Structure formats: structure tokens, C-alpha cells
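Student: I have a model open and would like to learn how to read it. Can we take it feature by feature?

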Amino acid sequence: MFALPEAWVWDFWTADDGAQYHLFFLYASRALKDPDARHHRAAIGHAVSSDLVTWTRVSDALVHGDGPAFDELATWTGSVTRHPDGTWYLFYTGARLVDGKNVQSVGYATSSDLFDWTKQGQVAQADARWYERLADNGWHDEAFRDPWVLPDPDGDGWHMLVTARGRTGPADDRGVVGHFWSPDLRAWEARPPLSEVGQGFGQLEVMHTAVVDGQPFLVFSCLDADLSAGHRAAGAVGGTWAAKGDSVLGPWDLAGAQLLADRSLYVGRLIRLRDQDEWVFMAFVHEDPDGRFVGGITDPRPVRLVDGSLVIGR
């Protein structure tokens, strides 16, 4: 397991440069005492590995900006992709406080080597035509974060999937897949969400896509408290979920999503092994048996598709 004695480690994402795997992770000092305080102190750390098991920590990727800035409070979860010209792009969440409430938006940084990053600024925020804003008073924050950027399957630019909320329906059932499009990874255009409200989730956190044995999946996370009342009444519990889709851009069967791991493990990710048609599952350790926050990222576990469902091994 990847863990730091001096800091809590939680959300993470990876990149593969062909020789090493790169782990980007949120962390905050344990000197805060209260693990819930970590969110307002998060920075993006960086480690490298040849096998996803043994990690060497290197210099941090990003820290919060000097105010006024969209990321003046903290830098949160994101994803890394590579432009055809060889430049690496790290899209990440910037958090700031407005009237004491957290407002999130998306920015990016670039690098030639995955180690030295230069911030380029904010590129996406909740568009009130389709997405709930803080002024709507529907949620405890302006949820617009965790960008997952992927190339268009037909070669038409790039897509960004974002944790967002729609503007209609019960407040606890507005979680949607936010959507932006770009021709070049630099300029982004807001588009309507790729899913509808009313699928059972107040928010779909840290989503990403994977195609396992030809089946596209949208993998996302949602804790118990953020499930809709209807979902909870039906016996659903929080954790990491996987929804089948017709393509990596949906539509997905969110209401029928499979629970991959309960809340003891969170922000689970499917990662394809280099040069192999094999997938593994990694997550961060969210809680111990007594419900106390832990922090730290698991070793990879094998994943296979059995009768249409994902099965995670030991």
C-alpha cells in the first residue's frame, strides 16, 4: 500500500509514460488532527513505480494558488492525458470559498516530462444553462470537479466528464455526468450533461471510463449520505460503482450500476496494465472497521468480467 506517515492520502489518478507509472494523489498533513479538515489543505503529490506496487515519491505536482484564484483554497482531483505534440496535460479541480461555501471549477497545467508542471489557468466551470450553481441553494457546495479527459472515439477532439449536478428534481437526486468538449485540450466548450437527473445519486464523484473485454463502463464513487433517499430506501450503500454503457460517452445504466466496493475503499479506479489486455483495481482506504478515516492507496487487485459483471480479485 502507498501511504505517508506524516500525511493522509486519498483521491488519486495515474498516468503511464511507457516506462513508469505515475501516481498523482491528494494529501494533507496529519498535524491537522481532524481528517475532515484535509479537504481545505489538499495538495497534489506525485510518485512513480514500475509495477503499481513499489512507489518512489518525487516532487509534488501542484499546490493551491495565491488569491484571488480559482484554486486559492486547495487543488483537488483530476486526470492526466497527452496531447499529440507530446505535451502532458494535468486537468484538476480548483477550490475556493464564496460566503464560506466551497465553489469548484476546473483548470489545467502542462508538462513535458510529467514532473515539472506549469499552471495554465481555469478552463471550465458550472454553466447555469444546465448545471446547478451555488446560488440555487440545492447543495452544500457548488459541485463541479474531478475532471476526466478522454479523446473522442471518432477522433473529434476531446471530452471532459465532470462531477456536476443538474438543476431540476429532488436535491438528493441531481447528480449528473457533466460534459465539456475541446478541439485542442486548451479551449473548452460547455455542453449539456451526458446523463439525466433522477438516477439515484446526489453526486457522482471521481468518474472515469474503461472498456473491459469490449464492455464500456463508467466508474464513479458516491458515499451513503449522498445517495438519493430512494436509493437508500432500496438498501443501497455507498462506495465505488460501475455502470455499463453503450460507449465511453454513454448512455450508461446509472440507476442499475454495480457496487464494486463499499465505503471501506473509496475512489476505486480500473487501470489497464501496460502492453497487456488486463485490468487491475486500486482504491484508497477510506475507513477502518470502526468507521475511522484511514488514508493510503491499496496495491492493485486483478479485475475480470464474469457474466457481464466486474469481479475484483485479491
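Tutor: Gladly. Keep in mind that this is a predicted model. Start with the second largest pocket, which holds about 570 Å³ of space.

Student: Which residues lie closest to the centre of the second largest pocket?
Tutor: Arg-38, His-39, Glu-205, Leu-223 and Tyr-266 are the closest to its centre, out of 28 residues that line it. Then look at the elements. Strand 1, strand 5, strand 9, strand 13 and strand 17 each give two or more residues to this lining.

Student: How do the lining residues of the second largest pocket divide by character?
Tutor: There are 11 nonpolar, six polar and 11 charged residues.

Student: How many residues line the largest pocket?
Tutor: The lining has 28 residues. Thr-14, Trp-148, Thr-209, Arg-272 and Trp-279 lie nearest the centre. The space in this pocket is about 770 Å³. Two or more lining residues come from each of strand 1, strand 5 (74–82), strand 9 (145–151), strand 13 (205–212) and strand 17. By character, the lining of the largest pocket holds 18 nonpolar, five polar and five charged residues.

Student: Now sheets. What holds strands together in general?
Tutor: Strands of a sheet pair through backbone hydrogen bonds, in a parallel or antiparallel way. Side chains of a regular strand alternate between the two faces of the sheet. Here, four strands form an open sheet in the order 1-2-3-4, with antiparallel pairing.

Student: Which strands stand at the edges of that sheet?
Tutor: Strand 1 and strand 4 (56–62) do. Each has a single partner strand, so one side of each is left without a neighbour in the sheet. From one strand to the next, the twist averages 30°.

Student: How many bridges join strand 3 to strand 4?
Tutor: Four bridges join them, and strand 3 covers residues 43–49. Ala-47 stands opposite Arg-57 of strand 4. Val-48 has Thr-56 as its bridge partner. The two strands form a hairpin with six residues between them. Check Leu-52 in the turn: its phi is positive, about 70°.

Student: Next, salt bridges. What should I look for?
Tutor: Look for a side-chain nitrogen of Lys or Arg within 4 Å of a carboxyl oxygen of Asp or Glu. The count here comes to 18 salt bridges. One of them joins the side chains of Asp-16 and Arg-274, at 2.9 Å from N to O.

Student: Why does the pair of Asp-16 and Arg-274 tie together separate parts of the chain?
Tutor: Asp-16 lies in strand 1 (residues 7–16), and Arg-274 lies in the loop between strand 17 (265–272) and strand 18 (279–285), so the tied parts are 258 residues apart in sequence. Asp-16 is partly exposed, at 30% relative accessible area.

Student: Asp-127 and Arg-129 also form a salt bridge. Is each one buried or exposed?
Tutor: Asp-127 counts as buried at 18% relative accessibility. Arg-129 counts as exposed at 57%. Their closest N and O atoms are 2.8 Å apart.

Student: Where do the partners of the salt bridge between Glu-287 and Arg-263 sit?
Tutor: Their closest N and O atoms are 2.8 Å apart. Glu-287 sits in the loop between strand 18 and strand 19 (301–306), while Arg-263 sits in the loop between strand 16 (258–262) and strand 17. The two are 24 residues apart. Glu-287 is buried, at 18% relative accessible area. Arg-263 is partly exposed, at 26%.

Student: Which residues are joined into one network by salt bridges that share partners?
Tutor: Glu-6, Arg-57 and Asp-60 are. You have met Arg-57 already, opposite Ala-47.

Note on methods:
Residues are numbered from 1 along each chain as its sequence is written. This is a predicted model: local features need pLDDT of at least 70, side-chain atom pairs count only at pLDDT 80 or more; totals for chains, interfaces and linings use all residues. Side-chain values use heavy atoms; hydrogens and water are left out. Buried means under 20% relative accessible area, exposed over 50%, partly exposed in between (1.4 Å probe, protein chains only). Two strands pair if DSSP finds at least two bridges between them. Axes are lines fitted to C-alpha atoms, for helices over the stretch in contact, and angles run from 0 to 180 degrees between N-to-C directions. On a 1 Å grid over the protein atoms alone, a cavity is a set of points where a 1.4 Å probe fits but cannot get out, and a pocket is an open set with protein on both sides within 12 Å along at least five of seven lines; lining residues have an atom within 4 Å of a point. Grid points are joined across faces, edges and corners, and a volume is the space filled by probe spheres set on the points. Ala, Val, Leu, Ile, Met, Phe, Trp, Tyr, Cys and Pro count as nonpolar, Asp, Glu, Lys and Arg as charged, and the others, Gly among them, as polar.
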